[in-house]
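Work through the exercises below with the structure open beside you. Try each task before reading its solution.

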Amino acid sequence: MARHEAPDATERRERSGWGWFALWLVAAVAVGLVVKTFVVTPYVVPTGSMRDTIMEGDVLLGERVSLYFGDPEVGDVVTFDSPLDGETLIKRVVAVGGQTIELVNGAVHVDGEPLDEPYVEGRPTYSLSDLPGSAGITYPYVVPEGCVWVMGDNRTDSKDSRYFGAVSLDDVTSRALFIYWPLDHVGAL
C-alpha cells in the first residue's frame with residue numbers, strides 16, 4: 001500500500017518552497033542595491049563632451065570604493081553631480097585643490113606647465129566665462145582645497161569647470177573604470 005501524504009503537508013512544503021524563493025529574491029535585490037550604492041554603478045553617457053574617449057550612448061561602469069580611501073587624481077575620468085542642476089556628468093580631472101589653472105593660446109597650463117593632453121586630439125581649450133550663465137571664472141584660477149577642476153576631452157563642446165567652476169570632492173560619485181556597451185567601444189578608461 002502506497003503512502004499518501006495529507007494534502008496539508010504537501011501544501012505546506014510548496015508554501016515553504018515559495019517562502020525560500022521569496023527570501024532569496026529579496027536578498028539578491030538587497031545585495032544588488034548595496035553593490036550599486038557603494039561599489040559600482042553603470043552610467044549611460046548622454047552627451048559628446050568626452051568624445052572621442054567616450055561617445056554618446058556608451059555605457060560605462062564607475063567604481064566608488066577607491067573614493068573612500070583617496071581623492072581623484074589628475075587624469076582620472078570621474079562622474080559627479082553637476083553644480084548647476086545635480087545631473088550626473090562625466091569629465092576628466094585636470095587639476096586638484098591648490099593647483100593653478102591657466103588657459104594660454106588654447107592650451108591648458110597647470111602650475112605654469114602646459115598639460116600633455118593627447119585625448120583632446122588638438123582641439124583648443126578656451127575660456128567659457130563669456131557664456132550666459134557661466135560662473136565668470138578668471139585666470140589664473142587656483143582650485144580650492146577639497147575640489148577638483150574637470151574638463152571634457154571634447155573641449156570645443158563641453159560645459160565643464162571653465163563654465164561652472166571647480167567641483168567639490170563631495171559631489172564626485174565614481175571613477176570611471178571601463179566602457180562595456182556597445183561592444184565595439186568596450187575598453188578601459
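The exercises that follow use a predicted model and cover salt bridges, a sheet and a surface patch.

**Exercise 1. A buried ion pair**

Find the salt-bridge partner of Asp 153 and decide whether each side chain is buried or exposed.

*Solution.*
- Step 1: Look for the contact. Asp 153 and Arg 92 meet in a salt bridge, at 2.8 Å from N to O.
- Step 2: Place both residues. Asp 153 sits in the loop between strand 9 (147-151) and helix 2 (161-164), while Arg 92 belongs to strand 4 (residues 88-96). They are 61 residues apart, and the pair links distant parts of the chain.
- Step 3: Apply the cut-off. Buried means under 20% relative accessible area. Asp 153 has 0%, so Asp 153 is buried. Arg 92 has 9%, so Arg 92 is buried too.

**Exercise 2. Tying two loops**

Which parts of the chain does the salt bridge of Arg 155 and Glu 117 tie together?

*Solution.*
- Step 1: Check the geometry. The side chains meet at 2.6 Å, N to O.
- Step 2: Locate the ends. Arg 155 lies in the loop between strand 9 and helix 2, and Glu 117 in the loop between strand 7 and strand 8, so the bridge ties parts 38 residues apart in sequence.
- Step 3: Test exposure. Arg 155 is buried at 2%. Glu 117 is buried at 11%.

**Exercise 3. A partly exposed pair**

Classify the two partners of the salt bridge between Glu 56 and Arg 51 by relative accessible area.

*Solution.*
- Step 1: Confirm the bridge. The N to O distance is 2.7 Å.
- Step 2: Read the areas. Glu 56 has 39% and Arg 51 has 25%.
- Step 3: Classify. The partly exposed class lies between 20% and 50%, so Glu 56 and Arg 51 both belong to that class.
- Step 4: Set the context. A search of the whole structure gives five salt bridges, this pair among them.

**Exercise 4. Edges of a sheet**

Which strands stand at the edges of the open sheet of four strands?

*Solution.*
- Step 1: Write the order. It is 7-6-5-8, with antiparallel pairing.
- Step 2: Take the ends. Strand 7 (113-114) and strand 8 (141-142) each have a single partner strand, so one side of each lacks a neighbour in the sheet.
- Step 3: Inspect one pairing. Strand 6 (residues 107-110) pairs with strand 7 over two bridges. His 109 has Pro 114 in strand 7 as its bridge partner.

**Exercise 5. A nonpolar patch**

Where is Val 186 found, and how exposed is this patch member?

*Solution.*
- Step 1: List the patch. Leu 177, Phe 178, Tyr 180, Trp 181, Leu 183 and Val 186 form it, with about 570 Å² of accessible area together.
- Step 2: Place Val 186. It is in the loop between strand 11 (172-181) and strand 12 (187-188).
- Step 3: Classify. At 48%, Val 186 is partly exposed.

Methods: Residues numbered from 1 in each chain as written. Predicted model: local features only at pLDDT ≥ 70, side-chain atom pairs only at ≥ 80, totals over all residues. Heavy atoms only, no water. Patch = residues over 30% accessible without salt bridge, like charges linked within 9 Å, V, L, I, M, F, W, Y side chains within 5 Å. Areas by Shrake-Rupley, 256 points an atom, 1.4 Å probe, with all protein chains shown as cover. Salt bridge = Lys/Arg side-chain N within 4 Å of Asp/Glu carboxyl O. Buried < 20%, exposed > 50% of the residue type's maximum accessible area, 1.4 Å probe, protein only. Pairing = 2+ DSSP bridges.
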